[in-house]
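Reader: Could you take me on a close look at one part of this protein, the enclosed space inside it and what surrounds it? I would be glad of one connected account that then moves outward to the rest of the chain.

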Amino acid sequence: MLLVHIFYLVLVKSIFVHSESFTSTTHLTHLFNTEVELSKQLQSYLKVEYERLDRIEKFLDVIKDEIRQAQGKEEIYFGNPVNAHLFIKHLTVDWYGIEEIVFDDTSKTMADNYLFPSYEDYTGSAVALMRLQDTYKLNTSEVANGEISTNYKSRKLSALECYDLGRIAYTNGDYYHTLMWMQEALDHLDKEVNNTSPSRVDILDHLAFSTSQQGNHEHALVLTKEILRIAPDHVRAGSNKIYYEDLIQKKILNGNSDSSDFKSTPTIKKMDNINIKNQRPRDYLDEREKYEQLCRQNGSSINTKRQAKLFCRYRHNNHPYLILRPAKEEQLLDEPVIYLYHDTVRDNDIQVIKDIALPRLRRAVVQNPKTAQLEPAEYRVSKSAWLRNEDSPVIARLSRLIEAVTNLSMATAEDLQIANYGVGGHYEPHFDFARKTEKDAFSSFGAGNRMATWLTYLSDVEKGGATVFIPTGGHVKPEKGSAVFWYNLYASGEGDYNTRHAACPVLIGNKWVGNKWIHERGQEFRRRCSLDPMA
């Protein structure tokens, strides 16, 4: 549009300067050259404009296809983490690319009037996908080809989308996942003809560096030679080739070649008979392996002797609230003692709770053990809202039920915390009670430590999302309307370290829960103190 204005000004200027040209035919023949040049310039402009419009049209087609698949069944559609990630990508990276080529005020108006996710949402959803890969041992190709669920389907990822996932891992210094996704991008590149695909050289460049960082120097050399075959003038590849050759030569002379180090199962394809290792790095969580193994199970991992101690019964506690409708109690675990109560909340009440909580949801925070400040953390990914009994009769009714079933006072309990877990949403292993090193924890409540936890499941989850108890192998699958209850403290007031638990990442579906934390004060005559520290 700007170019047209320039052409117009040039044309007007030329007419003004040569205003006597009409008086000479010879001058008109000379001016013909101007028209030829204008024709070429306009042709170039139209080509750029058509390319611009074609890009916008393709983006619009993607959006329309997404709307067609998701409309009317949004929870099912976004219950697949791949769909959720791509949706966030469309409204961040892809949209900003379109915004740059829209010349009028359309993009600015949209940005001002509508909510958009942030770039952190985009990278966060990518990291969440990789977390799901690790926790549930998902094959990269299965994720990329939309094969992780039959009910919650997603489309296949393109080479560019795989490349983008690899780039995020690469930027985070996560070469373990970079290798997986760059290799997947390479595989997809061979199967598609698309001018928006990343270049083979770019993929190989990331692969070469990442595989060298994982200790695969021979493989990095092979990839670097492939880059130079495609692009002989690639400066970085030329320098890296010399570096890898020197490194491998020194290892051979020292009797410590790469081949002796390849012990783990290859995660990406072999090249020229070179074994490739891609070992997942250890992180800060020592119990990571046990935690993730429990998440992959369908139930608790306890022996038959322990199972024989478990039972089911109707509980009424001679409480007027439960006489006509006793609670359906099932003991799930003996250490710690975990009870599951079936059918505690009706579907209509659950919907009321969700409707109240939805506009109040904010990123969940945890208490920093050093500063006692509440802050977001990567090990807890969800949004939460706090609901008081005064907010709805439904909330007050649930509090009365909890008091009747547990025989504990709700006068000093915290408000009901509603949590909704997003893409790969999880809460890594933690304690609900404050340890002795956390002296200022819960001081604002003035009600002592968190004695017990009541956790209500407000939705079913198709895959993942279980509550697991790491020390003793407990596994509770979310069941809409049910609730689990356990004591965090012994009767002596000492913390029960067997209650260390976690919310497994949500693989498929949408997880809603309601937490009610019950504090020590006010329970003196409801749960008698014991002198035995472990009783």
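Author: What follows starts at the cavity, stays a while with one residue of its lining, and then works outward. Please keep in mind that this is a predicted model.

Let me set the scene first. The protein has 535 residues, and 46% of them are buried. Its secondary structure consists of 16 helices and 18 strands. If we take the contacts with a separation of 6 or more, 73% of them are between residues 24 or more positions apart.

Now to the part you asked about. The structure holds one cavity of 30 Å³ or more, and the space in this largest cavity comes to about 160 Å³. Seventeen is a fair number of names to keep in mind, so here are the ones to look for at the middle: of the 17 lining residues, Tyr421, His430, Leu455, His501 and Asn515 lie nearest the centre. Four strands each supply at least two residues of this lining: strand 10 (426–430), strand 11 (450–457), strand 16 and strand 18. Strand 18 gives the most, with four residues. Sorted by class, the cavity lining has nine nonpolar, five polar and three charged residues.

Let us stay with one of those central residues. Where does asparagine 515 sit, and is it buried or exposed? Asparagine 515 belongs to strand 18, which covers residues 511–519. With a relative accessible area of 9%, asparagine 515 falls under the 20% limit and therefore counts as buried. Setting aside neighbours within four places in sequence, asparagine 515 is in contact with Asp415, Leu416, Gln417, Trp454 and Leu455. One of these partners, Leu455, is also among the residues nearest the centre of the cavity. A further distance may help you place the strand: the C-alpha atoms of asparagine 515 and tyrosine 457 are 9.0 Å apart, with their positions 58 residues apart along the chain.

Strand 16 leads us from the cavity to the disulfide. The structure holds one disulfide, and it joins cysteine 295 to cysteine 504 with an S to S distance of 2.0 Å. Cysteine 295 lies in helix 13 (residues 288–296), while cysteine 504 is in the loop between strand 16 (501–503) and strand 17 (506–508), so the bond ties together parts that are 209 residues apart in sequence. The torsion about the S-S bond is about -85°, and the disulfide is therefore left-handed. Both partners are buried: cysteine 295 has a relative accessible area of 5%, and cysteine 504 has 0%. Two other cysteines make a contrast here. Cysteine 312 is exposed, at 58% relative accessible area, and cysteine 529 is exposed as well, at 62%.

Cysteine 312 brings us to strand 1 (312–315), and the loop between strand 1 and strand 2 holds two residues with backbone angles to check. Asparagine 317 has a phi near 55°, a positive value in a residue other than glycine. Asparagine 318, also in this loop, likewise has a positive phi near 55°. The two asparagines differ in accessibility: asparagine 317 is partly exposed at 23%, whereas asparagine 318 is exposed at 63%. Further along, past strand 2 (327–334), proline 336 is placed in the loop that leads to strand 3 (337–342). The peptide bond from glutamate 335 to proline 336 is cis, with omega near -10°.

The last stop is an open space elsewhere in the chain, the second largest pocket, which holds about 980 Å³. Which residues are closest to its centre? Of the 28 that line the pocket, they are Val62, Lys89, Asp94, Leu160 and Thr196. Helix 2 (25–70), helix 4 (81–101), helix 6 (119–135) and helix 8 (159–171) are the elements that give two or more residues to this lining. Domain 1 (1–117) and domain 2 (119–273) both contribute to the lining, so the pocket lies between them. By class, the pocket lining has eight nonpolar, nine polar and eleven charged residues.

To return to where we began, the cavity is lined by strand residues from strands 10, 11, 16 and 18 among others, and asparagine 515 of strand 18 is a good place to centre your view.

Technical notes. Residues numbered from 1 in each chain as written. Predicted model: local features only at pLDDT ≥ 70, side-chain atom pairs only at ≥ 80, totals over all residues. Heavy atoms only, no water. Disulfide = S-S within 2.5 Å. Buried < 20%, exposed > 50% of the residue type's maximum accessible area, 1.4 Å probe, protein only. 1 Å grid on protein atoms, 1.4 Å probe; cavity = no way out; pocket = protein on both sides within 12 Å on 5 of 7 lines; lining within 4 Å. Points joined across faces, edges and corners; volume = space filled by probe spheres on them. Nonpolar A, V, L, I, M, F, W, Y, C, P; charged D, E, K, R; others polar. Domains from an automatic or database assignment. Contact = heavy atoms within 4.5 Å.
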